[in-house]
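Here's a quick tour of one model, written for someone who'd rather look at strands and contacts than read a long introduction. Have a look at the structure first.

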Amino acid sequence: MKKKTKSKQPKRSIKLKKKKAVVRKPAKKKGFMKKLMGRFRSKRHSALAISRFKKRVQKPAKKVSKMPRKVKKSPKKLKKMPKTLRKGKKVIKKVTKKVKVLKKKAAPKKLKKILKKPVVQKPAKKTAKPAVKKMQEVSTVKAAVQPQMPTQAQPSPFRHEPVLVQEVLENLQLADKKVVMDGTLGLGGHSMRMLEQMPSDGVLIGFDVDDDNLATARQNLQQFGDRVMFVRSNFSNLEAELKTLNINAVDAILLDLGLSSPQVDNPVKGFSFLREGPLDMRFDKNASLTAAEVINSYGQNELIRIFQVYGEEPFARKIAQEITKRRKARSFKTTTELANFIEKLIGRKGHLHPATRVFQALRIEVNHELDVLLSALKQAVSMLKKHGRLAVIAYHSLEDRVVKQFFKECARDYINEPDKLTTTHLEPTLHIVTKKPIVPTESEISKNPRSRSAKLRVAEKI
Ligand SMILES: C[S@@+](CC[C@H](N)C(=O)[O-])C[C@H]1O[C@@H](n2cnc3c(N)ncnc32)[C@H](O)[C@@H]1O
C-alpha cells in the first residue's frame with residue numbers, strides 16, 4: 001500500500017499537511033532536537049521536505065544528501081528557507097552544525113530505540129538438517145578450532161594460591177589419618193599442606209585430568225616421594241581407581257572444584273574471555289567435547305537450556321538466537337570472539353563481564369561438571385571409612401547446591417516406602433559438620449581475590 005502512495009506525489013503532500021496539525025505540539029518544546037523530531041513523524045516526510053528544499057535552492061544534492069539524518073527532520077528551518085542559493089547554503093551549514101552537536105547529546109537514546117527493533121529479529125525457523133551434514137559441520141568445526149596440543153605436559157609457569165587451606169586442614173583433622181584422597185590435585189597446593197599434617201607414613205592419592213597441572217604437582221610434591229600417588233583420571237572414577245590401587249577405604253577426601261589459576265591464565269586452555277584462545281574449556285584434553293562444538297553445533301533450544309540452567313543467564317534466549325544466526329555465516333572459533341559478540345549484544349552492566357554466565361555454562365556443559373560431581377559424592381561416601389571426612393569447596397551456586405542437597409539427603413533419617421510392602425528404614429550415612437558453608441575471610445579475599453566465591457562444606461561418614 002505504501003508503495004502505491006509513494007508514486008502519487010500530490011496525495012502525499014496532502015497527507016503531510018494533515019499530519020502537521022497533529023504533530024506540531026512537540027515542536028513547541030524548547031530545544032532544537034525536539035523541534036526537529038516533532039515536526040515530522042517519519043523519515044519519509046522529512047526526506048520529502050528536503051527534496052522540496054533542494055528544488056528551491058536549485059543546488060545539486062551533494063550537500064543535502066551528505067547531511068546526517070537528523071537534518072532531514074528539520075522542516076521548520078527548511079520551510080523558512082530563502083529562495084536564493086547563498087542563503088540556502090548558509091542555513092545548511094547552520095543546520096549541519098547544530099545536528100552534529102545534537103547527535104552527540106541527544107541522538108543516542110533515539111537511535112538506540114530505532115536500532116533496537118531490527119536487531120531483535122524473530123528467531124530463524126529451525127531447519128532440520130540431515131544427520132550427515134550435521135556431522136560434517138561438527139568435524140569441520142573441530143578441525144578449525146582444534147587447539148594446539150602440547151606434545152608433552154609441561155609444569156605450569158603459572159601460580160595457584162590454594163583457597164581456604166587452614167579451614168580445610170582444621171576440618172579434615174589429618175593428624176592421625178593414613179590414607180587421604182585429593183580429587184582435584186591441581187598444582188598440589190592443598191595436597192602439600194595435607195601431607196605435612198599427616199603422619200610421616202601417611203599417603204595421599206591425587207587425582208587430576210589436566211596433564212599440565214599433574215606435571216606441576218609432581219614437581220611441587222617431589223619432596224614427599226612415594227607418599228604421593230598420581231592418578232590421571234576423573235574424580236568420578238574414584239571408586240574404581242582406588243580399588244585398582246588396592247585401596248578399599250580412605251580417611252579423608254577433598255574436592256576443590258573448578259579451575260586452577262593456570263587454567264584461567266593460559267589462553268590455550270580456552271577458559272578466559274579476556275585472553276584470546278581457542279574455544280576449548282576441556283579440563284581433560286582427551287575428552288571429545290569442546291566449547292566450540294557446543295556453540296557451533298548445538299541446537300538453539302539446547303543452547304537456551306544450557307545458558308539458563310548452567311549459567312542462570314537472564315538473556316539466554318536472545319544470546320542463543322543471535323549465536324545460531326551468526327554461526328550460519330561464520331562459526332565461532334575463539335574465546336574473545338564469543339565474548340565480544342555477547343558484550344555487543346547485551347551490553348555491559350555492573351562489574352561482571354557480560355559473557356561470564358555463558359562461559360560458566362559452557363564450561364559446565366563441556367566437562368559435565370554437575371553430573372561428575374554428584375557421582376563422585378556418592379562414591380566418596382561409600383569409600384570413606386567410619387568417621388572419615390569429606391570436604392568440598394565449590395565456586396558457584398549450582399555446584400554448591402548439589403553438595404548442600406547431597407549432604408542433606410545423606411544426613412536424613414527417613415522411612416522409604418516405595419510400595420508400602422517393602423518399607424525400609426534408611427539410616428543417615430553422613431553427619432553434616434558445617435551447618436553453614438565456610439567462606440574466606442576478608443583478608444584472604446584481599447590477598448587472593450579468586451577465593452571470593454568459595455564455599456567449603458564438610459561432612460563426616462557415620
Ligand atoms: C581449583 S583446582 C585445584 C587446585 C588445588 N587444590 C591446588 O591447591 O593446587 C581444580 C583442579 O581440578 C581439576 N579437575 C576439575 N574437574 C576434575 C574432574 N572431574 N576430575 C579430576 N580433576 C578435575 C582441574 O583440572 C584443576 O586442576
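What follows covers the sheet, one of its strands and the ligand shell.

## The sheet

Keep in mind that this is a predicted model. Its open sheet has seven strands in the order E3-E2-E1-E4-E5-E9-E8, and the pairing is mixed. Strand E3 (228–232) and strand E8 (430–432) sit at the edges, each pairing on one side only. On average, neighbouring strands of this sheet are turned by 20° against each other, if you ignore direction.

Further along that order, strand E4 (residues 250–256) runs parallel to strand E5 (residues 384–394), with six bridges between them. If you want a spot to check there, Leu254 is opposite Ala391 in E5.

## Around strand E1

Strand E1 (residues 179–182) shows its two faces nicely: Val179 and Met181 point one way, Val180 and Asp182 the other, and all are buried. In general, side chains of a regular strand alternate between the two faces of the sheet.

E1 pairs with E2 in the parallel sense over four bridges, and Met181 faces Ile205 in E2. To get from E1 to E2 the chain goes through H13, making a right-handed β-α-β crossover. E1 also pairs with E4, again parallel, over three bridges; here Val180 has Ala252 as its bridge partner in E4.

## The ligand shell

Which residues come nearest to the ligand? Out of 22 around it, they are Pro162, Thr184, Gly186, Gly189 and Asp210. Helix H13 (189–197) and strand E2 (203–208) are the elements that give two or more residues to this shell.

As for chemistry, the shell splits into eleven polar, eight nonpolar and three charged residues.

Definitions and conventions. Residues are numbered from 1 along each chain as its sequence is written. This is a predicted model: local features need pLDDT of at least 70, side-chain atom pairs count only at pLDDT 80 or more; totals for chains, interfaces and linings use all residues. A residue is near a molecule or strand if its C-beta atom, placed from the backbone, lies within 6 Å of it. Ala, Val, Leu, Ile, Met, Phe, Trp, Tyr, Cys and Pro count as nonpolar, Asp, Glu, Lys and Arg as charged, and the others, Gly among them, as polar. Two strands pair if DSSP finds at least two bridges between them. Axes are lines fitted to C-alpha atoms, for helices over the stretch in contact, and angles run from 0 to 180 degrees between N-to-C directions. A residue is buried if 20 or more other C-beta atoms lie within 10 Å of its own, exposed if 12 or fewer, and partly exposed in between; C-beta atoms are placed from the backbone. A crossover is right-handed if, with the strands pointing away from the viewer, the path from the first strand over the helix to the second runs clockwise.
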